[in-house]
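Trainee: I would like to go through this model with you, beginning with the contacts to the nucleic acid. Could you first settle the terms?
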Amino acid sequence: MVFVNRLHEWPESAEEAVAIQERLRPLVVLNEPGPDEVELVAGLDVGYAKDTDDLMAVAVVLSASALEVVDQAVVARRATFPYIPGLFAFRELPPLVEALERLRTTPDLILCDGYGTAHPRRFGLACHVGVLTGLPTIGVAKTPFLFDHDPPEPKRGAWTPLLDTHEIVGRALRTRSTVKPVFVSQGNRIGLDNACRHVLRLAPAYRLPEPIRQADRLSRTPT
DNA sequence: GCGACAG
DNA sequence: ATCTTGTCGC
């Protein structure tokens, strides 16, 4: 089970949402190296229905050794916040929080689809989840947002920095040779080197790390 | 001012 | 995010 800090409320406007991000940002821990070995790793993802505001939030937990699903929770909900770039955590977080609370295991690490510190205010979804749970989190995104990067060498394991002008906010990490990289950033309580090491290890066969693949798969399951 | 912009 | 078949390549 994951205990989520409930001393927070959801915003009703974009201005409120930005204020919450600025208020919570100082609570993110970025100077911890993070876990060396992990036993249980969670993956989070949200699927959307085509013509409605219905969404499906999924939290799965895999064994780090065999990469097999050992726990899962699915929450179907109506979205309460619109998609706004930079604020999209507020759309996905309410059902994701509920899914996390419904798990019966406690992961050592959480992988989120989207960004952590690679965010206009350095407070993407992975940071937000990290602050609410106190657990180590990593952001894994499929596209670079506002940031620049050179293409990594076309070999699995190669990476280049993800840059906001001259500030490093994450990495473009190649998890499969000749395949478009994923974009990794720190969420909470883990360093960038270690985060990339875990992501690479958790993605032995496909572009996306297995916990996120499994969460994505389950979020597409009709009803 | 307009468009682009994690999912 | 979602709408979508076959097809090229390792």
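Mentor: A polar contact here is a pair of N or O atoms within 3.5 Å. Please also keep in mind that this is a predicted model.

Trainee: Which base atom of DNA strand B lies 3.4 Å from a backbone N or O atom of leucine 125?
Mentor: A base nitrogen of DNA strand B is the partner of leucine 125 in that pair.

Trainee: Which other residues have an atom paired with a base nitrogen of DNA strand B?
Mentor: Glycine 86 places a polar backbone atom 3.1 Å from a base nitrogen. Histidine 119 uses an N or O atom of its side chain, at 3.3 Å from a base nitrogen.

Trainee: How many residues surround DNA strand B, and which come nearest?
Mentor: There are 17 residues around DNA strand B, and Gly86, Phe88, Asp113, Lys142 and Phe145 come nearest. By class, the residues of that surface divide into 9 nonpolar, 5 polar and 3 charged.

Trainee: What share of the DNA strand B atoms within 4 Å of the protein belongs to sugar or phosphate?
Mentor: The share is 46%, and the rest of those atoms belong to bases.

Trainee: And which residues are around DNA strand C?
Mentor: They are Tyr48, Lys50, Lys142 and Arg220. For DNA strand C, sugar and phosphate make up 100% of the atoms that come within 4 Å of the protein. The residues of this surface comprise 1 nonpolar, no polar and 3 charged.

Trainee: What do lysine 142 and arginine 220 each approach on DNA strand C?
Mentor: The side chain of lysine 142 has an N or O atom 3.1 Å from a phosphate oxygen of DNA strand C. For arginine 220, a side-chain N or O atom is likewise 3.1 Å from a phosphate oxygen of that strand.

Trainee: Changing topic to the fold: what is the strand order in the open sheet?
Mentor: The sheet has 8 strands in the order 3-2-1-4-5-8-7-6, with mixed pairing. Strand 3 (69–78) and strand 6 (159–164) are the edge strands, each pairing on one side only. Ignoring direction, neighbouring strands are turned by 25° against each other on average.

Trainee: Do strand 4 and strand 5 run parallel or antiparallel?
Mentor: Strand 4 (residues 109–113) and strand 5 (residues 137–141) run parallel and are joined by 4 bridges. Leucine 111 has isoleucine 138 of strand 5 as its bridge partner.

Trainee: Which strands does helix 4 touch?
Mentor: Helix 4 (residues 192–202) packs on the sheet and touches strand 1 (40–48), strand 4, strand 5, strand 7 (167–173) and strand 8 (182–188). Its direction makes about 15° with that of strand 7.

Trainee: Why is helix 4 described as largely enclosed?
Mentor: Because 8 of its 11 residues are buried, helix 4 is largely enclosed by the rest of the structure. Among the buried ones are Leu192, Cys196 and Val199. The packing partners of these buried residues include helix 5 as well as strand 1.

Trainee: How does helix 5 run relative to strand 2?
Mentor: Helix 5 (residues 210–219) runs at about 145° to strand 2 (54–63) and lies across strand 1, strand 2, strand 3, strand 4 and strand 5.

Trainee: One last residue: is glutamine 21 buried or exposed?
Mentor: Glutamine 21, in helix 1 (residues 14–24), counts as buried because its relative accessibility is 1%. Its contacts beyond four places in sequence are Gly86, Leu87, Phe90, His119, Arg121 and Phe123. Glycine 86 and histidine 119 also appeared earlier, in the pairs with a base nitrogen of DNA strand B.

Technical notes
Residues numbered from 1 in each chain as written. Chains lettered and ligands numbered in written order. Predicted model: local features only at pLDDT ≥ 70, side-chain atom pairs only at ≥ 80, totals over all residues. Heavy atoms only, no water. Near = heavy atom within 4 Å. Polar contact = N/O pair within 3.5 Å; in protein donor to acceptor, adjacent residues only side chain to side chain. Nonpolar A, V, L, I, M, F, W, Y, C, P; charged D, E, K, R; others polar. Pairing = 2+ DSSP bridges. Helix = DSSP H or I, 4+ residues; strand = E, 2+ residues; numbered from the N terminus. Axes fitted to C-alpha atoms, helices over the stretch in contact; angles between N-to-C directions. Contact = heavy atoms within 4.5 Å. Buried < 20%, exposed > 50% of the residue type's maximum accessible area, 1.4 Å probe, protein only.
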